[in-house]
Amino acid sequence: MNRLTVTVLGIVAAVGGSGIVFVGINKLFDLTESRYAQFNGIVGGLVSAGLFGLLWGNRIIESPEIATLIAIAIGGATGYALGVLEAPDRRLVAGAGGGVALGLLAGLFAQDSVMPSIDPVATVVGVVIGAGLGLAVWAVAGRGDNMVPRLLAGTAFGWLFGAWLAADFDGSRAEVIIAAVVLGGLVGAVVGTRRHPNQVERAQIAVASRKFIFLTPALVFVSAALVIPLMRTIWLGFLTGNPRDLRWTGLTNYTELFSDAGIIDFSGFGDIFTSRMFWGAILLIVAGVFVGRFVGRSLGTSFSLDAGSLSLLGGGATLFGFALFTTVRGTIANNLWWIFSVIIFAVSLGLAVAVLADRSKGENIAKSFIFLPMAISFVGAGVIWRLIYVARPPGDPQTGVFNTLWVEIGKASNSGTAQIVISIILGLIILPLLYLAWRGWQAGSNPLMAGSLLVSALLGYLIYRFVGPGIGGFKTSEVTGEIIADPVLFIQTGPWNNFWMMLVFIWIYTGFAMVIFSAAIKAVSEDLLEAARIDGATESQTFWRVTVPQIFPTIGVVTTTLIVTVLKVFDIPKVMTNGNFDTQVLANEMWERAFTQLNFGLGSAVAVVLFIGVLPVMYLNIRRMQKERLG
Amino acid sequence: MTATTERTTAGISALTGRRPLGNRIYGWLRSIPTWFLWILVIVWTVPTFSLFVNSFRTRDSQRASGFWNALSDGDFPTLDNYREVLFPDVGAGLGNALLNSVAIAVVATIIPIAIAAFAAYAFAWIDFKGREWLFIATVALLAVPTQVALIPLLSAYSNGVALTLPIVDRTIQLFPDLDLSGQIPSVWLTHTGFALPFAIFLLHNYIAGLPKDLFESAALDGADHFKVFWRLVLPLSVPVLAAFAIFQFLWTWNDYLIALTMIGGNREALPATIVVASLAGEFGAREHLLTAGAFVITIMPLVVFFALQRFFVRGITAGSVKG
């Protein structure tokens with residue numbers, strides 16, 4: 001119960017506090033028009049509070065609570081005076097006076113350890129250079145009537161460097177008071193030289209301030225959480241050593257990274273030529289090109305990218321990618337494989353579901369269930385799929401869905417009756433498919449014919465495997481010669497365990513792709529589709545020649561989003577294998593280097609590699625937005 | 001598509017007055033794609049369903065047979081796993097972790113929405129120099145992976161931020177060492193920063209699309225930006241605010257990386273995802289609790305999802321299709 005109260009209070013405090021700050025600042029700037037003096041007083045108090053807060057945080061002043069309270073009072077009074085006084089000389093006196101008072105306060109409360117022994121030479125040099133800089137700024141900025149404030153500001157800056165930062169901190173109380181009072185007086189004088197705004201200008205302040213009030217919180221958070229850390233990470237990538245003592249090392253982190261066989265390993269590349277997947281890929285791609293040319297010629301174009309040729313080419317590309325990524329290994333290869341598989345499967349499945357569900361019965365139910373995994377966390381999904389993949393010892397009953405099916409298929413292909421029954425069932429499925437192919441041939445529908453023949457061929461191969469060499473999770477025991485179950489260690493056996501984890505991601509993100517494609521398909525103009533139908537296009541022709549070109553930009557958006565998301569995949573490998581069994585990915589590599597081994601340099605270098613990976617996507621996004629917004 | 005197919009086959013049989021066997025088989029086979037859809041739906045649902053069923057089975061049953069055998073267990077359903085996983089004195093103490101998850105997700109949802117709404121309004125309706133570029137730069141950060149910010153942020157939370165001035169070599173503490181690492185506020189701050197590019201993008205798309213007349217007449221009535229924002233824009237933007245809220249709530253509730261990095265070893269402040277993930281890392285004695293644990297962290301997103309699916313879908317599709 002106690003914890004519950006603390007939690008609720010924490011939530012209320014965080015949300016309420018932020019709200020009060022924002023509304024308060026807006027209300028404060030509402031005062032400029034009607035009650036300028038009060039507004040000025042509050043701003044003066046807030047600025048002093050901030051200034052003394054900084055001194056407080058740096059442990060520069062003693063009994064900081066009292067000093068800060070007095071400072072707020074002085075700042076408030078000065079601000080109020082500046083809000084009332086209009087004559088320039090009085091304003092100067094008020095500003096400088098307030099500054100001197102704050103300086104005196106800081107000097108009186110200064111700790112012994114920060115008392116500068118003022119070095120006259122450094123101070124004079126600093127002041128001269130500062131004043132010169134101020135004049136230079138004035139000259140460059142067009143030589144308006146603001147020479148005095150620029151000169152004063154430059155001098156104050158020079159004083160800060162000369163009397164404070166260049167000095168050794170072993171001076172006396174008198175010296176710290178002089179150093180602080182002069183600085184305060186100069187800064188106060190700069191403020192005092194500002195003209196008293198008239199009614200119109202006050203109204204302008206009220207209006208012009210809003211953009212800052214509205215934007216500052218966002219920009220502060222974005223810079224503090226993303227921009228500055230990003231730059232710091234890039235810098236850290238060039239350093240080495242433990243977190244407390246980092247030294248410059250140039251590109252060593254990167255050379256170390258890329259010479260590590262765990263990161264990228266081409267040594268197995270030669271095996272690709274003996275892999276069946278590779279030759280299968282070549283075969284499919286050649287067939288795809290041939291079909292595309294053949295169909296294209298019959299339609300009068302040079303190449304037809306439709307269901308037939310695209311499925312062959314896509315299948316070939318998939319096989320080729322898998323052949324490549326099972327031979328070239330390492331963390332970066334794993335990441336590329338992730339991107340490759342997730343894009344191919346999530347985009348094609350998402351598109352298929354969106355098309356099939358579109359305007360069909362139960363569309364919303366079907367889409368809901370496909371989309372549901374999007375709501376589940378990667379951690380939850382990892383646990384869910386571990387149950388699906390689990391492998392029990394050969395003697396025990398299997399409890400994972402995959403291994404149960406696999407072992408049961410193995411049993412069936414070793415039992416005479418099951419062989420016959422399954423062959424007959426598959427044969428009964430093949431017959432109507434062949435009939436369908438014939439109908440497709442008659443109707444001139446190449447995709448229908450090709451699809452039916454392809455599925456028939458696959459089923460035929462399945463019959464062959466069942467009756468012939470056998471298929472499924474079984475092996476012959478070396479000891480007894482018996483047939484025993486042989487479950488697959490989905491999570492432990494590389495390199496395919498990578499793919500089984502990608503499947504989890506595909507399971508989640510197919511819904512994402514589907515939802516976006518679904519919206520895009522519904523946005524395709526009905527008139528266009530109707531026109532195509534009136535011209536005698538079949539459903540599949542309408543889809544490939546009208547719908548697909550219309551949703552093509554959406555495919556690009558989904559792909560880039562997936563690239564960004566998959567590139568930083570972390571949770572699934574972390575929960576399922578923690579990078580073991582040859583499944584390391586960049587995000588987990590980064591986390592381990594940085595937070596387990598506390599090697600900030602190398603961790604940052606891995607993070608920079610990730611960042612470089614998204615740069616092309618960032619570039620594309622920026623170009624797209626530029627086109628939309630700047631015309 | 002399928003509807004049209006049905007219509008064509010129906011047309012054929014209407015013309016011929018009978019339905020030959022061939023056509024019947026043909027029509028039947030042409031609906032294979034629809035079967036494919038529903039098979040996919042079942043396949044997509046089985047994993048979640050199996051988790052649900054297994055979470056009500058004892059350790060022994062879970063090890064002895066698959067979830068489809070649940071009904072033949074003697075003691076199905078049992079709540080033992082849940083009892084054990086939720087309470088700290090018996091098991092994993094997921095109950096406390098759930099409170100932390102709520103604390104993280106609620107605040108890390110509300111604060112980014114507020115901040116992003118201000119900024120989106122400014123980008124949409126306040127004119128200033130460099131507005132377009134600032135907007136594009138902010139939204140471009142959407143693609144930046146969180147990993148690039150983790151190391152500097154963690155050291156800022158644990159040691160504060162100090163700036164060492166060049167030449168004079170003095171160090172000034174800009175952000176105090178509040179010892180935030182290991183505490184929930186560090187996760188709030190991090191989520192807020194990371195969420196803003198997307199939030200601004202999403203809210204801006206909507207707020208910029210509100211009718212211009214509205215703002216002109218409000219300005220004529222003498223309303224300033226703050227009043228317009230408060231009285232007009234916020235009430236009108238409820239749909240998109242809800243869409244982002246759901247998206248962000250699920251995102252922060254499901255987050256693992258940021259909490260793991262920022263909270264790390266402080267057991268008191270860990271959210272539920274980390275507790276479940278560490279159960280998963282044990283590979284042994286308490287593995288049967290994993291099902292209940294995973295289901296507990298999944299139930300909240302599922303409830304949100306089914307109750308507010310429309311908003312969630314809008315949050316995801318907004319900007320992707322038109323943009």
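**The chain A–chain B interface and the nonpolar cores**

No salt bridges turn up across the interface of chain A and chain B. The model is a predicted one, and the rule does pick out five residue pairs in polar contact across that interface, both partners at pLDDT 80 or more. On the chain A side, helix 8 (residues 199–236) makes the largest contribution to the surface touching chain B, with 18 residues. Sorted by class, that side of chain A holds 81 nonpolar, 20 polar and 20 charged residues.

As for extent, 121 residues of chain A and 121 residues of chain B take part in the contact. Together the two chains bury about 10,700 Å², and 77% of this lies on carbon and sulfur atoms. Of the area that chain A buries against chain B, 7% comes from A:Arg3, A:Phe214 and A:Arg629, more than from any other three residues.

Turning to the interior, the largest nonpolar core counts 217 residues. Its members with the most contacts inside it come from both chains: A:Trp338, A:Phe505 and A:Leu562, along with B:Tyr121 and B:Leu203. Helix 6 of chain B (residues 94–125) gives this core its largest share, 20 residues.

A:Phe505 shows what the surroundings of one such residue look like. Setting aside neighbours within four places in sequence, A:Phe505 is in contact with A:Trp338, itself among the core residues with the most contacts. The other partners of A:Phe505 are A:Val342, A:Phe378, A:Thr565, A:Val566, A:Val569 and A:Ile572. Apart from the largest core there is another, of 18 residues, including A:Leu152, A:Trp164, A:Ile177 and A:Ala189.

Methods. Residues are numbered from 1 along each chain as its sequence is written. Chains are lettered from A and ligands numbered from 1 in the order in which they are written. This is a predicted model: local features need pLDDT of at least 70, side-chain atom pairs count only at pLDDT 80 or more; totals for chains, interfaces and linings use all residues. Side-chain values use heavy atoms; hydrogens and water are left out. Contact means heavy atoms within 4.5 Å. Buried area is the accessible area (1.4 Å probe) that two parts lose on being put together, summed over both. A salt bridge is a side-chain nitrogen of Lys or Arg within 4 Å of a carboxyl oxygen of Asp or Glu. A polar contact is a pair of N or O atoms within 3.5 Å; within protein, one must be able to donate a hydrogen and the other to accept it, and residues adjacent in sequence count only if both atoms are side-chain atoms. Helices (H or I, at least four residues) and strands (E, at least two) are DSSP runs, numbered from the N terminus. Ala, Val, Leu, Ile, Met, Phe, Trp, Tyr, Cys and Pro count as nonpolar, Asp, Glu, Lys and Arg as charged, and the others, Gly among them, as polar. A nonpolar core is a set of buried Ala, Val, Leu, Ile, Met, Phe, Trp, Tyr and Cys residues joined through side-chain atoms within 4.5 Å. Buried means under 20% relative accessible area, exposed over 50%, partly exposed in between (1.4 Å probe, protein chains only).
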